[in-house]
Amino acid sequence: MLADGSWEPVSLNGVVELRIHGVGGTRPADMLDDPNPVQVSGDRTAGVMRASGDSQIEAYSWGALTGRSQSRALWLLVLPFALINLAGWMTWKRDRALHRALVRSAGLAMTALYVLFTAAITMDFLAYQCAGASGCAAASWPVVGDGGMADNPARRAVIGAIGPLLVVGLLAALTRTSRRRYEQWDEPDPPPRIGRDPAQRGLPDSDFWNGQAYAASLARVHHFAGLAIVALLLSASAATVTDSPVAPALTVGIAVLLLAACGLALVSRLRQPIPRPVPLLVGAGLVVVAAVAAWTGTPTGEPPPRPLPGILYTFDAVLGVLYMSVLFLLVGGGHVKLQPNRWSRLRERLTPFAVSVLAALLAPTFLAGTALWVARWLGSTASVGQPDHATAAILYPQPYEMLARALVPIIIAGLVIALAAAAVAWWTTEEESMRRLRQAWPSAVPGTRSAVADQDWLRRVSAALRIPRASLAAVEWTVWTLGVLITAGTLVYSGYWTIRLVSASNRHSYLDIDLAGLPLPPLGFSVWTLTVLPLLAVMILRQGLRNPSTRRRIAIAWDVVTFWPRSFHPLCPPSYAERAVPEIKTRLARIWDAGGAVVLLAHSQGSVLATAAVAGLPPDRPGVADRLSVISYGNPTNRLFARHFPSYVDDTLLDTVAAKVVGWRNFYRDTDYIGYRMRQVDPILDVYLPDPATNRYYAGDQLPQIRGHAEKGYRRQSQFADYLRDTVSNLRKTLSR
């Protein structure tokens, strides 16, 4: 790097071979087969590296955007946000505004749950209830305990409000920091930032990756909702346990503003982005006014009700919005049509609904488990409505208990479904891949032996051919089946609860959870499981990020989830493609402006980035049509993206990309568990590579290796190398004209 912060210029007037790695973040040195590569653009997080000397082979390294920083593991704590955002992109019709509105409604409810459960822990359990109960842990604490500065329940709630306010502030800080690092990386002459939703446009739209203004405005709505919930709980407490004259009207006003925020979150097109300080100032103002009302109000002298006033109704409302949004996503937003003999297509169309159901289960379940763990640590607990609930130090809503006890059976059911689906796919795999492999193997060579005679080796090859289909079936069938089971169980439980609630036999509003004698696990075991699992998952992910092979397996799912912009939940993990795609387009433009040509070699998830970058190039841009060739390999565009994001990745997109380049070849193997061919039948675009490359070996040598998804295994295969050499030669002829 030069003294002025720019990179040293390099020659770009020839044929530049630009390589883009896939999941796991292959090191530039391995991509370039050079131990001392030189960086020529970007920064420490992502950029273009070039082989040393006079080589014109470059590598775009974007692995640090997704996995090299171990702090990225903490994003796992907001995994439900990422799943909701993912479900929004899975719609079968891009113009279905109802689908987008329902997903955003669920996303806003999920943010509210995070704030609400934090409020339950700090405001309700710790400050409001425990600090006022003799024998409870917080009763002796200096600030909120007996004799402290907060000498009544309303004031203790004000002190406890610090917890949810910190959560709102942390989410705001994370999104702002990640937005500067990922979403504000512009290409040359970027389009103006306007408040439009990228989900309304397709990948060929040059403005697709320019949704920062909309995401920022949506994030401000979420921040306001979090602050408004805290203010609502404070004003409800003041109205119930003090004689504050303004608290009742303030509570109604805050509820109305919350409803208005919900409506604003559903809008897909904003004429102008929401100004940055307005939602935060209004939300902070509501919190301050509610806190003053609660702090200055005189206690009524009556025993304060438990739990915290307003928290039960707010929890029921938020949870109701979440589950109703997800349910209507199936009924009104999923665009499901029953067609004869098309059950597989029907299941694929249920994917966004099933993913939303999983998110709607994970968020409240783990949060409820954490809240119950804290409550049990503070003192004795009981569910509201239990016959002996008055003797407990802390009361909690019964849905907390139901959510906590239901997760363990759901985890077991998910494992059983995954194993069953994988087993069925394993034993029903067609012999087409093995037949294709046998046809591709060379004939007998003098002096060699056939590895087919080795049955152990042949079994390993057969297993490698079955793994891709079995793995995909396990994941898909688990998501679909759990989505249906969870929805059915929730509807049954809600109906049973409603019937018992209106009956005289349930005057305490408490329902025996052991429905029909179902063997649900003990509450204590469930609470510990829900508390330990998130921490264990973060630790495993952090350890996996240190190990390249483990990181590659983890990144398969994570890179798919975080590819799309934050258009449906603005507080989810950031999209690495918001930076990677503009950087690739910028590098292509610089090469063409210097009079050079490009061979774009894209492996695995890099193929999706390359497809998105080429799709967004203007067709009349000099260099696009005659000085660009694309070679993809290990490509998941069809197997993962076209299958589950059909509104954005389809044959039309592939035709658009193919029409913009000199040539495009996609190399695939049947043993690749990520990549596959781009179309069902396209002998020009898709080129089959046998793996193992041969079934012959000399006596005493190691048996032929199975290369699977390995990046170098593709590039070092003769068919691939021959095509690359011919492509470079043709581009050189074009430049010499």
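In which helix is Leu257 found? Leu257 is found in helix H7, which spans residues 247-265. In this predicted model, the relative accessibility of Leu257 is 34%, so the residue counts as partly exposed. Together with Val278 and Val282, Leu257 forms a nonpolar patch on the surface. The accessible area of these three residues together is about 210 Å².

**Overall composition**

The protein chain contains 22 helices and twelve strands. Of its 737 residues, 56% are buried. The chain exposes about 31,100 Å², and carbon and sulfur atoms supply 62% of that area. Among contacts in the protein chain with a separation of 6 or more, 78% are accounted for by residues 24 or more positions apart.

**The eight-stranded sheet**

Eight strands form an open sheet with mixed pairing, in the order E2-E3-E4-E1-E8-E9-E10-E11. Strand E2 (38-42) and strand E11 (686-688) stand at the edges with a single partner strand each, so one side of each has no neighbour in the sheet. On average, neighbouring strands of this sheet are turned by 25° against each other, direction ignored.

The table lists pairings within the sheet.

| Strand pair | Sense | Bridges |
|---|---|---|
| E2 and E3 | antiparallel | four |
| E1 and E4 | parallel | four |
| E1 and E8 | parallel | six |
| E9 and E10 | parallel | five |

Individual residues can be placed within these pairings. E2 and E3 form a hairpin with four residues between them; strand E3 covers residues 47-50. Gly42 stands opposite Gly47 in E3. Strand E4 comprises residues 57-61, and its residue Ala59 stands opposite Arg19. In E8, Val598 is the bridge partner of Val16. Strand E9 takes in residues 628-633 and strand E10 residues 663-668, with Tyr633 standing opposite Phe667 in E10.

**Strand E1 and its cover**

Is strand E1 mostly covered or mostly uncovered? E1 is mostly covered, as six of its six residues are buried. The cover extends to both faces of the strand. On one side, Val15, Glu17 and Arg19 are buried, and on the other side Val16, Leu18 and Ile20 are buried. The buried set thus includes Glu17 and Arg19 alongside Val15 on one face.

Helix H18 (residues 605-615) lies across strand E1 (15-20), strand E8 (597-603), E9 and E10. The helix runs at about 140° to E8.

**Lys660 in the loop before E10**

Where is the place of Lys660? Lys660 lies in the loop between helix H20 (651-659) and E10. Is Lys660 buried or exposed? Its relative accessibility is 9%; because buried means under 20% relative accessible area, Lys660 counts as buried. Neighbours within four places in sequence left aside, Lys660 is in contact with Val614, Ala615, Gly616, Leu617, Pro619, Val624 and Ala625. Among these contacts, Val614 and Ala615 fall within the residue range 605-615 of helix H18. The loop residue Lys660 is therefore classed as buried at 9%, whereas Leu257 in the surface patch is classed as partly exposed at 34%.

Note on methods:
Residues are numbered from 1 along each chain as its sequence is written. This is a predicted model: local features need pLDDT of at least 70, side-chain atom pairs count only at pLDDT 80 or more; totals for chains, interfaces and linings use all residues. Side-chain values use heavy atoms; hydrogens and water are left out. Two strands pair if DSSP finds at least two bridges between them. Helices (H or I, at least four residues) and strands (E, at least two) are DSSP runs, numbered from the N terminus. Axes are lines fitted to C-alpha atoms, for helices over the stretch in contact, and angles run from 0 to 180 degrees between N-to-C directions. Contact means heavy atoms within 4.5 Å. Patches are made of residues with over 30% relative accessible area and no salt bridge: like charges are joined within 9 Å, nonpolar side chains (Val, Leu, Ile, Met, Phe, Trp, Tyr) within 5 Å. Accessible areas come from the Shrake-Rupley method with a 1.4 Å probe; for residues, only the protein chains shown count as cover. A salt bridge is a side-chain nitrogen of Lys or Arg within 4 Å of a carboxyl oxygen of Asp or Glu. Buried means under 20% relative accessible area, exposed over 50%, partly exposed in between (1.4 Å probe, protein chains only).
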